Amino acid sequence: MTEPLDRDKVTAPLKHVRKALPHDSAEKHVSGAATYIDDIVEPIGTLHIAPGWARHAVRGRLSSIDLTDVRATPGVVTVLTATDIRGINDCSSAFGDDPVLAEEEILFFGQVVFAVVAETRDIARKAALKAKLDIAPITPILTPDDAVAADTTVLPDYQFRRGSPETGLQASETVLSGSMFIGGQEHFYLEGQVAMALPQEDGGMLVYSSTQHPTEVQHTVAKVLGVSDALITAEVRRMGGGFGGKESQANQWAALAAIASQKTGRCCKLRLDRDDDMIMTGKRHDFKVNWKVGHDVSGRIRAVDMEFLARCGYSADLSLGVNDRTMFHADSSYFYPDASIRSRRLRTDTCSNTAFRGFGGPQGMLAAERMIDAIAIRLGKDPLDIRKLNFYDGERNMTPYGMPVEEYEVMHDLISKLERESDYWTRREEITAFNDANAVLKKGLALTPVKFGISFTLKHLNQAGALVHLYTDGSVHLNHGGTEMGQGLYQKVAQVVAEEFGVTMDKVIITATNTSKVPNTGPTAASSGTDLNAMAAKRAAQEIKSRIVTFLCEQHQCGADVIHFGDNKVLIGEKNYPLSEIAKQAYAGRIQMSHAGYFATPGITWDRETVSGRPFYYFAFGGACSEVTIDTMTGEMLVDRVDILHDVGHSLNPAIDLGQIEGGFVQGMGWLTTEELVWDDEGRLRTHAPSTYKIPTASDIPADFTVRLYESKGNPQDTIYRSKAVGEPPVMLANSVFCAITDAVASIAPGEVPNLDAPATPEAIMKAVQDMRRRKVHA
């Protein structure tokens, strides 16, 4: 009997995978033809919703709500309050602490109290302003320090501990300590929060939602409507950006659209105004970090003690996973022999912070880089030397949470190559000479590493499904549980399916993510969208192919080794047949040409309760070298040059991966330099529009900006075509910009560690510069 062919061992050249193919919606994006939720043709009679909230109150008890004038406004159909929720008044992802509509208390500035449903959006928005809300004020808790003083948290404290950090610190030749504030970040997706709900038979609901987690929207809508999950279908074809801001935060707006639709029996749509969106939705978590590091005379770390005080907001939201990941990445790329890494998840009377690209990892890594810079500055050594001295290696490769860093050689090689390619040491000499010769302008240089763990740290989220159909005309219908937010996930999965079936890309028809096609999906997050969904789709395609091959072997009395798929054809021995003809034969032979593929990431063993196991499938690595110039008279800063080398394993699509690296870096640079969130003393967000909140623009991108993919031997783990995730790790490449600014400020008073907080806005830089000048005078 002929042995079945192992399709993974076929050495034929790849036609689609590892090719720089354009994004599937690229032409639609630039022409304006891409359909987002707000572009869907509205059914006749569609109603529009506007949220109503207390614009004069930050925190307080609701004494009375007078909506008489709101309801009397011409064009208003109904007004929703908590009493209209037939099910459970909660839109949280897990902990049951996020009311869709406030009932007895205002928990933060911007909390929704009611919703106006009207014939037009303008009518609804104007009517919402007519509400009379009587609120008894309560003194709000706003900052991490306030929350520490009040001892108020949304979740229990948590820690990693290895060895005896107390003993290690005592035994160290030198102990340094400090505190830094790391600011949050607004997602500023181009497409704001939006949802449209259409009532169906038997109490069902079809919900179009701009969400990264359609299954969670399905669960939330069913919960608030008081119906079973099976009656709810959530769908999204694409988002105009998500960055984590639509992982859990889309729930509330989908719920309000569905509640309104249930009450009125009509299609209802909600699209947030940009100001309301920024005020009402969560951000990247901001932290106060207290740290101590003990080291020897060479700068090698002996022990660390790190405390992360996170402002989580009024509810838990996704703060468990975010803060855990901060702790997982508090080592950056460095070995800590003894370590105490602690986290407090603080409750404040502000909007509930949520997922943001990197999911807490950037904050943990930035704190680690501050410690490295401090050691280098105190010792009068170059920070790159101190970084390399403390890298994980063959003898010191265990993280504080007990997972080995198996690919440390990749990190060493990547950083060494970037060091050479960026001409680091020559430029260091030039920058030192420049700073010696200039009193006002100062330059800084930094080369920082990235080591980012890939997988959800909540084990059950590491699974995905895909639904693939092969039709009798040779075309392929592709559906999976991942969502497209501009990152190119749909394109990559389509390339994998085209490769498996041996068809051209035009034969693979991409369809919207829909909970009635692929159920019980996880969020598209944690940089795992391609790892999970492409593998599930590949398995579905392989199963369909396997059935067809078995059928053809019987029909042609041949072995599987002579059957090959390619160029929209099937080769059987010496004869070619169009795939469409083979599909028709298979259909006539009653062969199933549809399959629901499934994939669960292997090897994930993390046990949070015992603080043990393996939380990540693998690590992605990268490095960035950034050069900046600061003006010590104004605090202004310019990024002069950036060189990036990043590890994506064997790239599925180099063009898309390069775009992700560039975009992630620029977004990270914005977080660390210009994007400042400001709340006033009463808890009102003051930076809630582009006029006051500054994201990077085209002019902020350095003119000298080089991005290269590391020449990898492939992911040692059995990922999809040996690729590595690329969504989140590039954000942390921007740590090099912050460290370069630190380097520039440090040149003012050698040996003194700058007190520079993030973001390093001109004000923050100026404050640090003035402090350094004072210290230089008193030295």
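1. A salt bridge here is a side-chain nitrogen of Lys or Arg within 4 Å of a carboxyl oxygen of Asp or Glu. The model is predicted. Searching the whole structure turns up 51 salt bridges. The next points take some of them in turn.

2. Start with Lys263 and Asp84. Their closest N and O atoms are 2.9 Å apart. Lys263 sits in helix α7 (residues 251–264), while Asp84 is in the loop between β3 (76–80) and β4 (105–106), so this salt bridge ties together parts 179 residues apart in sequence. Asp84 is buried, at 19% relative accessible area. Lys263 is partly exposed, at 39%.

3. Arg344 and Asp151 form another salt bridge, with 2.8 Å between the closest N and O atoms. Arg344 belongs to strand β15 (residues 338–347) and Asp151 to the loop between α4 (144–150) and β7 (153–162), so the pair joins parts that are 193 residues apart in sequence. Arg344 is buried, with a relative accessible area of 16%. Asp151 is exposed, at 54%.

4. Asp413 and Lys417 pair within one helix. The closest N and O atoms of this salt bridge are 3.4 Å apart. Both residues lie in helix α12 (residues 408–421), four residues apart, which means a separation of about one helical turn. Asp413 is partly exposed, at 29% relative accessibility. Lys417 is partly exposed too, at 21%.

5. Salt bridges also link up into a network. Its members are Arg427, Lys443, Glu627, Asp640, Arg641, Asp643 and Asp704.

6. Look next at strands β21 and β22. Strand β21 (residues 563–566) pairs with β22 (residues 569–572) in the antiparallel sense, over four bridges. Gly566 stands opposite Lys569 in β22. The two strands form a hairpin with two residues between them. Asp567, in the turn, has a positive phi of about 55 degrees.

7. Which side chains of β21 are buried? Ile563 and Phe565 are; they point to one face of the strand. His564 and Gly566 point to the other face and are not buried. The side chains thus alternate along β21.

8. The surface carries a nonpolar patch formed by Val440, Leu441 and Met633. Together these residues have about 250 Å² of accessible area. Met633 is in the loop between β25 (618–631) and β26 (637–646). Its relative accessible area is 54%, so Met633 counts as exposed.

Key:
Residues are numbered from 1 along each chain as its sequence is written. This is a predicted model: local features need pLDDT of at least 70, side-chain atom pairs count only at pLDDT 80 or more; totals for chains, interfaces and linings use all residues. Side-chain values use heavy atoms; hydrogens and water are left out. Patches are made of residues with over 30% relative accessible area and no salt bridge: like charges are joined within 9 Å, nonpolar side chains (Val, Leu, Ile, Met, Phe, Trp, Tyr) within 5 Å. Accessible areas come from the Shrake-Rupley method with a 1.4 Å probe; for residues, only the protein chains shown count as cover. Buried means under 20% relative accessible area, exposed over 50%, partly exposed in between (1.4 Å probe, protein chains only). Two strands pair if DSSP finds at least two bridges between them.
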